[in-house]
Amino acid sequence: SESVPSEDHLRTRRSVKKSALQDLQDHQEQSRKLSEDESNLPALQAAYRTILRGLGEDTERQGLARTPLRAARAMQFLTKGYHESVFDTLNDAIFDEDHDEMVIVKDTDMFSLCEHHLVPFYGKVHIGYLPRKKVVGLSKLARIVEIYSRRLQVQERLSKQIAVAIFEALQPEGVAVVIEATHMCMVMRGVQKINSRTVTSTMLGVFREDPKTREEFLSLIKSS
Amino acid sequence: MTGGRVPTVRHKAEATSHHHQPGISFRPTRKSDFADTVQQQVKHRRRQPASMNGVCNQSMVTGVTDFQRFNGFAEHPAESKKAMGQRALDTSRKESEDESKLPALEAAYVTILRGLGENTDRQGLLKTPLRAAKAMQFLTKGYHETVYDILNDAIFDENHEEMVIVKDIDMFSLCEHHLVPFFGKVHIGYIPSKKVVGLSKLARVVEIYSRRLQVQERLTKQIAMAISEALQPIGVAVVIEAAHMCMVMRGVQKMNSRTVTSAMLGMFRDDPKTREEFLALTKNK
């Protein structure tokens with residue numbers, strides 16, 4: 001299971017045994033180059049055409065003529081997180097600020113793809129952290145959400161990746177991430193429960209250890 | 001929508017000249033026995049190559065006024081036009097063949113996953129091609145269902161000529177342009193002409209047509225046409241309000257935008273008061 005990274009651990013990543021999560025993260029980060037996207041399109045298009053025919057549709061009709069191309073591009077967009085890295089996005093926007101009160105960015109819309117069925121799931125992400133002399137540009141928190149959500153994901157892993165990324169970049173006192181999402185794979189197919197939502201959370205640092213801090217965060221993100 | 005194959009088969013009844021008379025609400029002139037016409041149209045059913053757009057390219061007005069002249073399914077020109085593209089797609093896929101198609105779909109999904117830069121051997125993705133193929137088959141299962149099979153038993157003779165509305169039917173469909181879901185609510189209203197239909201059958205009609213690769217405009221029209229053909233009511237109204245993930249998750253990325261389409265047939269089209277009553281009753285407070 002994932003343990004809370006300490007400061008020394010973070011500064012010398014290479015010398016520490018990698019956890020399964022870090023392994024996955026390292027593989028996925030920049031596993032796809034933006035420049036290669038164009039060259040991957042023909043293979044994706046052919047695959048989509050096979051799928052359309054296998055479903056019993058007529059790929060020659062006007063509405064579907066360019067669908068393989070559009071669907072391939074759409075899929076590349078929905079998984080563009082694979083060619084983005086957190087370090088590139090965050091490096092410039094970390095500021096020294098003498099602030100040690102909770103900072104929360106809530107109700108960030110999130111759209112991701114379920115890695116099991118390739119069907120979207122979407123919802124809201126609430127992020128809170130307690131800075132230790134370093135604050136980050138607020139939109140960068142939303143950008144981190146974008147990087148990790150625009151992939152084939154599992155909601156549990158998504159919330160953990162967001163939390164660990166912020167923790168590693170800022171080394172704060174604590175990070176808390178809560179995601180509440182609707183899974184189309186449950187709504188459109190399978191059990192077909194329309195109103196059900198899945199809530200996952202990751203608490204690191206002081207949010208994990210101190211119940212009062214956690215409580216303050218949870219009450220602040222509650223919708224009024 | 002333009003394009004698609006223009007239907008070249010004309011029904012024999014259309015050869016006689018009729019003048020389009022606007023303003024007349026359509027109402028069958030003779031009662032016809034539903035069961036008989038089903039037999040007839042089974043005999044007359046023709047297989048045409050798939051050309052979905054043919055249905056929508058025909059002028060709707062013709063369909064409405066033709067109802068006055070023709071009775072039952074077999075003689076209705078919209079039915080023969082429907083044969084062009086619709087019926088070919090209604091059963092373009094047999095449920096029994098779904099299993100055999102899975103390997104091809106799985107291979108396609110493996111290609112897609114690799115092309116996106118993922119590692120198909122990791123634990124979370126091992127069975128994803130199979131699951132995604134099955135999910136896609138489920139989301140397009142409307143291709144092996146026909147309205148006739150579902151509606152045949154549940155049409156009842158009832159002396160009721162007031163509006164019947166089934167609203168807030170959840171609808172989930174796939175955008176045919178990006179293969180990304182769009183979903184929302186369907187409101188259906190009709191004024192029966194001596195024939196009412198089981199209420200859940202209206203929701204089932206929505207299911208058949210929405211579980212396909214669709215365009216919201218066409219979906220609305222198909223639902224309305226199916227109900228008007230099956231029941232020959234005084235009027236049918238269908239309103240769909242949906243959110244398109246292709247607009248929300250990608251492209252313009254406008255989270256709160258909704259698309260509303262409607263199809264009004266018969267009295268709902270001709271009489272503004274009737275339309276107003278339907279729209280007022282389906283407004284969500």
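Modeller: A residue is termed buried at under 20% relative accessible area, exposed at over 50% and partly exposed in between, with a 1.4 Å probe and protein chains only. The model discussed here is predicted: local features need pLDDT of at least 70, side-chain atom pairs count only at pLDDT 80 or more, and totals for chains, interfaces and linings use all residues. Residues are numbered from 1 along each chain as its sequence is written, chains are lettered from A and ligands numbered from 1 in the order in which they are written, and side-chain values use heavy atoms, leaving out hydrogens and water.

Colleague: How many of the 16 residues of α10(B) are buried?

Modeller: Helices (H or I, at least four residues) and strands (E, at least two) are DSSP runs, numbered from the N terminus. In α10(B), 14 of the 16 residues are buried, leaving the helix mostly covered. Its expected span is 1.5 Å times one less than its number of residues. For α10 (residues 216–231) of chain B this gives 22 Å, in agreement with the 23 Å between its end C-alpha atoms. Just after the helix, Gln232(B) adopts a positive phi of about 45°.

Colleague: Which elements do the buried residues of helix α4(A) pack against?

Modeller: Packing is read from contacts, that is, heavy atoms within 4.5 Å. The buried residues of α4(A) pack against α3 (37–54) and β2 (103–114) of chain A, and also against α6 (98–115) of chain B. Nine of the twelve residues of α4(A) are buried, so the rest of the structure largely encloses this helix. Among them are Pro68(A), Leu69(A), Met75(A) and Leu78(A). The helix itself, residues 67–78, reaches 16 Å from first C-alpha to last, close to the 16 Å expected.

Colleague: How should a pair of aromatic rings be read, and how many such pairs are there over all chains?

Modeller: A pair of aromatic rings is described by the distance of the centres and the angle of the planes. Rings of Phe, Tyr and Trp (its six-membered ring) pair if their centres lie within 6.5 Å; planes under 30 degrees apart count as stacked, over 60 as edge-to-face and the rest as tilted. The count comes to five aromatic pairs over all chains. One of these, Tyr122(A) with Phe183(B), is stacked, at 6.0 Å centre to centre and 10° between the planes. This pair crosses between chains, from strand β3 (residues 120–130) of chain A to strand β3 (residues 181–191) of chain B.

Colleague: Are these two rings buried or exposed?

Modeller: Tyr122(A) counts as buried at 18% relative accessibility, and Phe183(B) is buried at 13%. Phe183(B) also pairs with Phe172(B); the centres are 6.1 Å apart and the planes at 35°, so that pair is tilted. Because Phe172(B) lies in strand β2 (residues 164–175) and Phe183(B) in strand β3 of chain B, the pair ties together parts eleven residues apart in sequence. Phe111(A), Tyr122(A), Phe172(B) and Phe183(B) form one aromatic cluster.

Colleague: Which lysine lies over the face of Phe77(A)?

Modeller: A charge sits over a ring if NZ of Lys or CZ of Arg is within 6 Å of the ring centre and within 35 degrees of the ring normal. Lys80(A) lies over the face of Phe77(A), at 5.2 Å from the ring centre. In chain B, Lys141(B) lies over the face of Phe138(B), also at 5.2 Å.

Colleague: Which residues have the most contacts inside the largest nonpolar core?

Modeller: In soluble globular proteins, nonpolar side chains tend to be buried together. A nonpolar core is a set of buried Ala, Val, Leu, Ile, Met, Phe, Trp, Tyr and Cys residues joined through side-chain atoms within 4.5 Å. The largest one has 111 residues, and those with the most contacts inside it include Ile51(A), Ile162(A), Val186(B) and Ile223(B). Helix α7 (residues 155–170) of chain A gives the most to this core, with nine residues. Beyond its neighbours within four places in sequence, Ile162(A) contacts residues including Val125(A), Tyr148(A) and Val177(A).

Colleague: Where does Val177(A) lie?

Modeller: Val177(A) lies in strand β6 (residues 174–183) of chain A and is buried, with a relative accessible area of 0%. Leaving out residues up to four places away in sequence, Val177(A) touches, among others, His126(A), Ser159(A) and Thr200(A). Thr200(A) is 23 residues away along the chain, with 8.2 Å between the two C-alpha atoms. In chain A as a whole, buried residues make up 54% of the 224 residues.
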